[in-house]
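Here is the note you asked for, set out as numbered points. Please read it beside the sequence and the structure.

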Amino acid sequence: MNVFSFLMPAPQVPQIQDPKVVDQRYRYWRIRIFYTMFIGYVFYYFTRNTFQCVMPGMIQELGFTKAQLGYLSTTIFSLTYGASKFASGILADRSNPRYIMSIGLILTGICNIFFGFSSSMLVFAIIWGMNGWFQGFGWPPCARYLTHWYSQNERGSWWSTWNVSHNVGGVMIPIVVAFFFKYLGWRYAMCLPGVICIGVGFYLMSRLRDTPQSLGLPPVEDYRNDFTGVSRKRGEEEKELTAKQILFEYVLNNKFIWMLALAYFFVYVVRSSINTWSIMFLIEHRGHSHFVSSWGYAFFELGGFFGNLTAGWASDYLFRARRGPVNALFSLGAFASIFVLWFFPEGLLYIDYLFFFFMGFFIFGPQMLIGVAAAELSHKKAVATATGFIGWIAYIGAAVAGGPLGHVVDIWGWQGFLGTVTLGSLFAAVLLVPLWSVQPRSDKEETTLKPALES
């Protein structure tokens with residue numbers, strides 16, 4: 001018997017015929033799957049963003065430069081995370097997301113603990129690179145759940161509500177880590193979140209399940225009588241596809257996936273630049289204390305919380321499940337917010353908080369909806385691969401926000417930082433505006449993917 005057989009997709013079981021039982025169980029499992037993966041992704045952030053919050057302590061104790069910390073915290077992490085997101089996306093489309101997500105969280109918790117007991121640059125690089133790889137196990141299972149349990153005309157709302165888990169974790173981690181940092185030092189501020197996440201990983205394993213069909217329920221499009229994304233032809237949604245079909249027919253030959261991936265690159269240059277350097281920026285350039293600056297980072301994530309919800313609900317209810325208009329408008333808002341901050345006077349704490357709130361509000365809109373658009377412009381069975389692929393490209397952009405941007409700050413100061421982030425937001429807007437009118441085609445129209453791509 002294969003010891004890894006538990007990772008295979010859960011088998012389909014005979015479908016329940018009683019409509020009342022189907023409805024009751026669908027309601028129960030949709031809520032349970034949702035809140036469990038929400039909690040899981042909150043705690044993925046507990047072992048992802050700890051580094052950025054302890055960087056001032058590492059500089060003081062170990063004497064690292066900004067460029068060195070940038071390569072560690074963002075560049076190395078982003079490259080391994082992005083590659084893992086793509087690889088685990090292919091894996092998640094052909095495996096049980098219940099175990100992929102939970103095992104990833106347990107392993108990333110272990111990496112944080114080992115990091116807290118280390119002092120060597122080489123060891124830091126190896127452990128944080130491994131952490132990036134295991135972090136990649138979190139997103140693709142969630143994308144799979146969000147497309148198998150929630151249908152197209154409601155998905156923007158569900159996806160955006162789930163996506164604020166990024167921001168809940170992002171708001172909590174600087175506050176929690178700042179407390180540990182202040183009273184216990186940076187090493188315990190790394191280790192304790194890791195211990196918590198190991199426990200949460202086992203919780204995920206006990207609560208999550210696979211597809212509706214593995215529980216005797218019909219596909220979600222049958223349950224809600226709703227189209228769920230681009231398919232090659234009517235009735236093909238629930239057939240298993242080969243890895244080659246998934247990767248080449250529905251991802252790499254899809255021009256919309258490539259356009260979204262390029263836009264994602266620049267969105268993540270912006271997002272990761274602020275994630276990595278906001279605390280140092282507020283300390284050195286705006287003259288605030290470490291604790292006060294940690295709250296600036298929290299305001300960025302708080303803005304993202306509301307931006308996520310607004311973007312998702314607006315795309316469903318104002319633009320009839322079209323993601324393009326919201327992506328374009330929010331990317332322009334992000335550019336405007338960063339550009340104005342660049343020329344605003346220094347030393348005004350609450351104005352800085354306000355700008356960070358609006359930067360988060362606008363950048364997290366496309367950060368979330370680009371993923372939704374990629375899921376809906378691929379095939380239902382290729383969602384994890386499509387979102388993993390654009391995530392890989394995005395995290396190459398995030399890698400630029402680490403060591404390379406650290407060199408920019410070392411040479412040109414914080415004006416160079418602001419200029420880089422402003423240009424990144426502008427390029428993202430330029431790429432997203434042409435996608436305003438693109439939307440998935442319904443299988444009820446009996447269209448296929450290839451004509452859509454060749455048009």
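**Notes on helix packing, the core and selected residues**

1. α3 passes α16 in a right-handed crossing, in what should be read throughout as a predicted model. Helix α3 covers residues 66-92 and helix α16 residues 403-432, and the two pack with their axes 6 Å apart at an angle of about 150°. Since angles over 145 degrees count as roughly antiparallel, α3 and α16 are therefore roughly antiparallel to each other. On the α3 side the contact is made by K66, A67, G70, Y71 and T75, while α16 contributes G403, P404, G406, H407, V409, D410 and W414. By class, the residues of this contact divide into five nonpolar, five polar and two charged.

2. A residue of α3 that deserves a separate remark is G82, which lies in that helix and is buried, with a relative accessible area of 0%. Leaving aside neighbours within four places in sequence, G82 is in contact with G391, W392 and Y395. The C-alpha atoms of G82 and G136 are 7.0 Å apart in space, although these two residues are 54 residues apart in sequence.

3. Turning to the interior, the largest nonpolar core has 123 residues, and those with the most contacts inside it are M37 and W162. Helix α11, residues 255-284, gives the most to this core, with 17 residues. When neighbours within four places in sequence are set aside, W162 is in contact with F34, M37, F38, Y41, W139, C142 and L146; M37, one of these partners, is thus itself named with W162 for the most contacts inside the core.

4. The helix that gives the most to the core, α11, also packs against α12, and here the axes come within 7 Å and cross at roughly 155°. That angle makes α11 roughly antiparallel to α12, and the crossing of the two is right-handed. The contact is made by R271, I274, N275, S278, I279, L282 and I283 of α11, together with H290, S293, S294, G296, Y297, F300 and E301 of α12. The classes represented in the contact of α11 with α12 are six nonpolar, six polar and two charged residues.

5. Is W313 buried, partly exposed or exposed? This residue, which lies in helix α12 (residues 290-317), is partly exposed, because its relative accessible area is 42%. Not counting residues up to four places away in sequence, W313 touches S157, S160, T161 and L318. The C-alpha atoms of W313 and G156 are separated by 6.2 Å, while the two residues are 157 residues apart along the chain.

6. The loop between α12 and α13 contains R320 and A321, and the backbone of each merits a check. Most residues other than glycine have a negative phi. Phi of R320, however, is near 55°, a positive value in a residue other than glycine, and A321 likewise has a positive phi of about 65° although it is not a glycine. In accessibility the two fall into separate classes: R320 is exposed, with a relative accessible area of 76%, whereas A321 counts as buried at 6% relative accessibility.

7. Beyond that loop, what is the angle at which the axes of α13 and α14 cross? The axes of helix α13 (residues 324-342) and helix α14 (residues 349-376) cross at roughly 155° and come within 8 Å, and α13 and α14 are therefore roughly antiparallel to each other. The crossing in which α13 passes α14 is left-handed, whereas that of α11 and α12 is right-handed. From α13 the contact draws on V326, N327, F330, S331, G333, A334, S337, I338, V340 and L341, and from α14 on D352, F355, F356, F358, M359, F361, F362, I363, G365, P366, L369 and I370. By class, the contact of α13 with α14 has 16 nonpolar, five polar and one charged residues.

Terms used
Residues numbered from 1 in each chain as written. Predicted model: local features only at pLDDT ≥ 70, side-chain atom pairs only at ≥ 80, totals over all residues. Heavy atoms only, no water. Axes fitted to C-alpha atoms, helices over the stretch in contact; angles between N-to-C directions. Helix = DSSP H or I, 4+ residues; strand = E, 2+ residues; numbered from the N terminus. Parallel < 35°, antiparallel > 145°, perpendicular 65-115°, else oblique. Left-handed = near helix turned anticlockwise from the far one by under 90°. Contact = heavy atoms within 4.5 Å. Nonpolar A, V, L, I, M, F, W, Y, C, P; charged D, E, K, R; others polar. Core = buried A, V, L, I, M, F, W, Y, C linked by side-chain atoms within 4.5 Å. Buried < 20%, exposed > 50% of the residue type's maximum accessible area, 1.4 Å probe, protein only.
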